[in-house]
Amino acid sequence: VVVTSGGLGPTHDDVTLAGIAAAFGRPVGLHPEVVRLWCKVLKLPNDPEKMTQGQRRLCEAPLGADVIEHPQGFPIVRMANVLALPGPPVHFTRCFDWLCGALPELCPGAQMGRGP
């Protein structure tokens, strides 16, 4: 399992999800589940047509990706064995700590370890 941090936001330099999509040969677009979760957490308009460009970009993910809902509502995007978590330290820590406990259920056979 590969866990990424950050690069999921609405600015031009947030390219993590685009990189994950490219690695798996998938397009990036508005992901209905990401839209649903961010609308709930951030109180965004439920209609993407009423969102700002930045809000729509925040709701993009590789099409075909799974979305895991963190108990606080944050979307965790999963494409095969790659999990993309929010970058702000407080959100990343909450998601990562929860993910460590949920990993056996979410990714059967996965083992926790640290990279080099």
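## Arg36 and its salt-bridge network

Let's start with Arg36, which is partly exposed at a relative accessible area of 38%. In this predicted model, Arg36 forms a salt bridge with Glu33, and the closest N and O atoms sit 2.7 Å apart. Both residues belong to helix H2, three residues apart, or about one turn of the helix. Glu33 is partly exposed too, with a relative accessible area of 27%.

Glu69 and Lys40 bring their side chains together in a salt bridge of 2.5 Å, N to O. This pair ties distant parts of the chain together: Glu69 is in strand S4 and Lys40 in helix H2, 29 residues apart. Glu69 comes out as partly exposed at 30% relative accessibility, and Lys40 is partly exposed with a relative accessible area of 40%.

## Arg78, Asp66 and the wider count

Across the S4 and S5 strands there is another pair to look at. The side chains of Arg78 and Asp66 meet in a salt bridge at 3.5 Å, N to O. Here too the link is between distant parts of the chain, with Arg78 in strand S5, Asp66 in strand S4, and their positions 12 residues apart. What about burial? Arg78 is buried, with a relative accessible area of 15%, whereas Asp66 counts as partly exposed at 41%.

Back in H2, salt bridges with shared partners connect Glu33, Arg36, Lys40 and Glu69 into one network. The structure holds four salt bridges in total.

## The S4–S5 hairpin

Strands S4 (residues 66-69) and S5 (residues 75-79) run antiparallel and are joined by four bridges. Ile68 has Ile76 in S5 as its bridge partner. The two strands form a hairpin with five residues between them, and Gly73 in the turn has a positive phi of about 95°.

Val41, in helix H2, meets this turn region. Setting aside residues up to four places away in sequence, Val41 touches Gln72, Gly73 and Phe74. The C-alpha atoms of Val41 and Pro75 are separated by 9.5 Å, though the two residues are 34 apart along the chain. Val41 counts as partly exposed, at 26% relative accessibility.

## Helix H2 and the nonpolar core

Which residues of helix H2 (residues 32-42) are buried? They are Val34, Val35, Leu37, Trp38 and Cys39. Their cover includes strand S2 (28-30), helix H3 (53-58), strand S3 (60-62), S4 and S5. Just after H2 comes Lys43, with a positive phi near 60°.

The largest nonpolar core has 27 residues, and those with the most contacts inside it are Leu17, Val34, Trp38, Cys59, Val77 and Leu83. At least two core residues each come from H1, H2, S4, S5, strand S6 (82-85) and helix H4 (89-106). H2 gives the largest share, five residues. In soluble globular proteins, nonpolar side chains tend to be buried together. Cys59 is worth a closer look: leaving out neighbours within four places in sequence, Cys59 is in contact with Gly29, Leu30, His31, Val34, Val35, Trp38, Leu44 and Met51.

## Two aromatic pairs

How many aromatic pairs are there? The count comes to two. In one of them, the ring centres of Trp38 and Phe74 are 6.1 Å apart and the planes are at 75°, so the pair is edge-to-face. Trp38 sits in helix H2 and Phe74 in the loop between S4 and S5, 36 residues apart, which makes this a link between distant parts of the chain. Trp38 is buried, with a relative accessible area of 12%, and Phe74 counts as buried at 8%.

Phe92 and Phe96 form a stacked aromatic pair, 5.6 Å centre to centre with 15° between the planes. They are four residues apart in helix H4, so about one helical turn separates them. Phe92 is partly exposed at 21% relative accessibility, and Phe96 is partly exposed with a relative accessible area of 23%.

## A buried Asp without a salt bridge

Asp14 sits in the loop between strand S1 (2-5) and helix H1 (16-23). Is Asp14 buried or exposed? Asp14 is buried, yet has no salt bridge; the nearest side chain of opposite charge is that of Arg57, 5.7 Å away. Not counting residues up to four places away in sequence, Asp14 touches Gly7, Leu8, Gly9 and Arg57.

Notes. Residues numbered from 1 in each chain as written. Predicted model: local features only at pLDDT ≥ 70, side-chain atom pairs only at ≥ 80, totals over all residues. Heavy atoms only, no water. Pairing = 2+ DSSP bridges. Buried < 20%, exposed > 50% of the residue type's maximum accessible area, 1.4 Å probe, protein only. Contact = heavy atoms within 4.5 Å. Lys, Arg positive; Asp, Glu negative; His and termini not counted. Core = buried A, V, L, I, M, F, W, Y, C linked by side-chain atoms within 4.5 Å. Phe/Tyr/Trp six-rings, centres within 6.5 Å; stacked < 30°, edge-to-face > 60°.
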